Structures are given as structure tokens and as C-alpha cells.
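Student: I should like to understand how the terms used for a protein model are justified. May we go through some of them together?

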Amino acid sequence: MPNTPVSYPEAGGTKSADLAPEISIDYVNRFTTGVRRLQRLLGLSDLMPVADGGTVKTYKYTTDIKDGNVAEGEYIPLSKVSRTLDQTHAINLRKWRRNTSAEAIQSKGRDRAINGTDAKFVSGVQGPDKADLLSAITGTTKTAPAGAGLQATLASMWGALNTIFEDYDGFGDIDDGAVSPFVFFVNPTDVAKYLGTATVTTQSAFGMGYLKDFLGLGTTFTSAKVTAGSVFGTAARNVVVAYTPANGSGLSQTFGLTWDATGLMGMTHSVVTTNATIDTLLMGGMKVFPEISDAVLKGTISQGVAPWRSWSA
């Protein structure tokens with residue numbers, strides 16, 4: 001128990017009135033399934049494990065390559081490659097706890113009282129990681145030419161991204177074309193305005209909706225966190241998923257955590273006899289960020305009428 005005085009019931013505890021019918025599932029796998037789906041969409045071969053408290057550093061490279069056409073016996077000028085620190089990301093273990101009362105279990109049953117609300121608990125834990133990604137993406141200061149309408153803006157960005165990544169290895173064709181090389185982030189209202197009454201199929205990954213190969217340009221994620229009228233894009237493989245394994249350093253054995261093969265997230269339940277409740281403990285740490293920060297672009301949807309929609313019957 002904590003050293004500071006605690007009054008019961010604790011604020012935030014789940015009571016019987018808070019519960020609604022849910023289906024009991026394996027919540028650790030549910031969390032990692034969303035991350036794995038994001039991984040497949042980005043064409044990432046693997047995630048990046050980092051020791052607790054460790055940091056991930058990314059660097060920028062600048063080159064000054066001289067002309068190699070040098071006459072016989074003449075001075076050969078030096079070419080130069082410089083590396084400077086770009087980003088530093090700390091990957092720390094995070095810990096979350098929720099609590100379920102005996103009355104809730106008695107009233108609704110163990111599966112609904114504990115497992116059902118664990119579903120919402122795990123889903124909410126994913127929020128900060130998604131916020132990290134969107135903050136890093138939408139914080140860019142580099143821009144692509146504006147376009148008249150969503151399609152023109154995305155097309156303009158697609159062209160600019162091709163130019164940026166033309167000389168980078170490993171960011172182009174992914175899985176022989178099975179995965180789009182670029183990803184875009186837009187506000188769902190902008191997609192709705194463009195589509196009008198058209199019917200499209202949206203899917204979900206990592207708590208965000210997405211349209212696969214939207215307009216033939218790339219996977220497009222939709223989020224209300226993206227300002228309406230703005231579009232952001234980068235190469236799919238420019239997005240890095242780093243995490244602190246919850247199954248390392250004796251952590252899982254000490255706390256009796258259940259985890260999946262990746263160790264992305266660990267969970268355990270324990271009985272609190274002093275107030276007849278069940279604690280749910282969740283541990284994990286993850287950071288999602290662009291590897292090359294200045295290879296993320298922002299586009300603006302102008303208010304003009306797109307040329308392919310300017311005609312009238």
C-alpha cells in the first residue's frame with residue numbers, strides 16, 4: 001500500500017454502475033495486434049526494442065561531393081560528409097493501474113466486471129503513443145506546394161516525397177509493391193468533403209482509421225488531431241516504432257505479467273484484500289516517431305475549385 005493516506009473508495013475505481021456488457025478477450029494480444037497492423041501498413045520488418053531508460057538518437061547527414069573529373073596529376077579536392085544530432089527520444093517504462101470492486105464482480109460477473117472494462121483500459125493506454133506520432137508528424141515545418149482540393153494536395157505531396165526519398169536506400173518499393181511507399185495523415189472531414197456520397201471502406205490500426213492506397217497515392221490515416229485543411233505525409237518506412245520490452249530484466253517474473261511474443265505490453269491482476277478489490281496492472285513503453293524529421297511534409301488544401309471538378313453539365 002502507498003505511504004500516503006488513501007481514502008476508499010479510490011477515485012477512478014470501477015463500480016457496478018460503470019459497467020456495460022463486453023466480450024472477454026486477451027487484452028495484451030489486442031493491444032499488440034493494433035501495433036502489428038500498423039507495422040504491416042508501414043512495411044516495417046521489425047520493431048525496435050530499447051532497454052528501459054534508454055534513448056534513441058537520430059542524425060542528419062549533409063554531403064559536399066566534389067566533381068570527380070580530375071585531370072591526371074592534378075589536385076583531388078576533398079568531399080565531405082557531416083553528421084549532426086537531429087532527435088533524441090527517451091523510451092521509458094510506463095505503468096498504469098485500474099481497480100474493480102467486489103460489488104462490481106458480484107453484480108456483473110468476473111468476465112464483464114474485470115475483462116470487459118480492461119478492454120477500454122488497454123484501448124485508452126494506446127492514446128499517448130498515437131499522440132506522440134501525430135505530434136511528431138504535424139510538427140513539421142517543411143511544406144509541399146498547396147493544391148486545389150484534397151486530391152491535388154496529396155498528388156503534389158506525393159511528387160515532393162518522391163523527390164526527397166529518391167536518393168535514400170530502403171524507403172522505396174516495399175514487398176514488391178504490396179505496401180504503399182508513402183503514408184498521409186488528414187482530417188476525416190476533408191476526406192468526407194472530397195468523397196461526397198461515394199462509398200469507401202475504412203479500416204482501423206493503432207486507434208486511427210485509414211484508407212489503403214487512397215487515390216492510388218498511399219495509405220491515408222484519418223484523425224481529428226490533424227487540423228482540417230492540412231495534409232501531412234512521409235515515407236512509410238520513415239516511421240519508427242521503438243519500445244521497452246515488458247518481458248525483460250526479470251520484470252515479468254517479478255510481477256507475474258502476461259505478455260505476447262513481442263513483449264510490447266504486460267498485464268497482471270492481483271487481489272487487494274484490504275478493500276476487497278482487484279487491481280489490474282499494465283506495463284509497457286513505446287514511442288512512434290519519424291526517423292528523418294525533415295522528410296515529413298505539410299500540405300495545404302486551398303479553397304480554389306479543383307480543375308477536374310470545375311466543369312458543369
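Tutor: The discussion below concerns aromatic pairs, burial and a charge over a ring. The model is predicted, so local features need pLDDT of at least 70, side-chain atom pairs count only at pLDDT 80 or more, and totals for chains, interfaces and linings use all residues. Residues are numbered from 1 along each chain as its sequence is written, and side-chain values use heavy atoms, with hydrogens and water left out.

Student: What makes phenylalanine 165 and phenylalanine 182 a tilted aromatic pair?

Tutor: Rings of Phe, Tyr and Trp (its six-membered ring) pair if their centres lie within 6.5 Å; planes under 30 degrees apart are stacked, over 60 edge-to-face, and the rest tilted. Here the centres are 6.4 Å apart and the planes stand at 50°, which gives a tilted pair. Phenylalanine 165 belongs to helix α5 and phenylalanine 182 to strand β6, so the pair ties together parts 17 residues apart in sequence.

Student: Why is phenylalanine 182 called buried?

Tutor: Buried means under 20% relative accessible area, exposed over 50%, and partly exposed in between (1.4 Å probe, protein chains only). Phenylalanine 182 has 4%, so it is buried. Phenylalanine 165, at 6%, is buried too.

Student: Why is the pair of tyrosine 194 and phenylalanine 214 edge-to-face?

Tutor: Their ring centres are 6.3 Å apart and their planes lie at 85°, so the pair is edge-to-face.

Student: How do you know that arginine 83 sits over the ring of tyrosine 59?

Tutor: The rule asks for NZ of Lys or CZ of Arg within 6 Å of the ring centre and within 35 degrees of the ring normal. The charged end of arginine 83 sits over that ring of tyrosine 59, 3.8 Å from its centre.

Key: Helix = DSSP H or I, 4+ residues; strand = E, 2+ residues; numbered from the N terminus.
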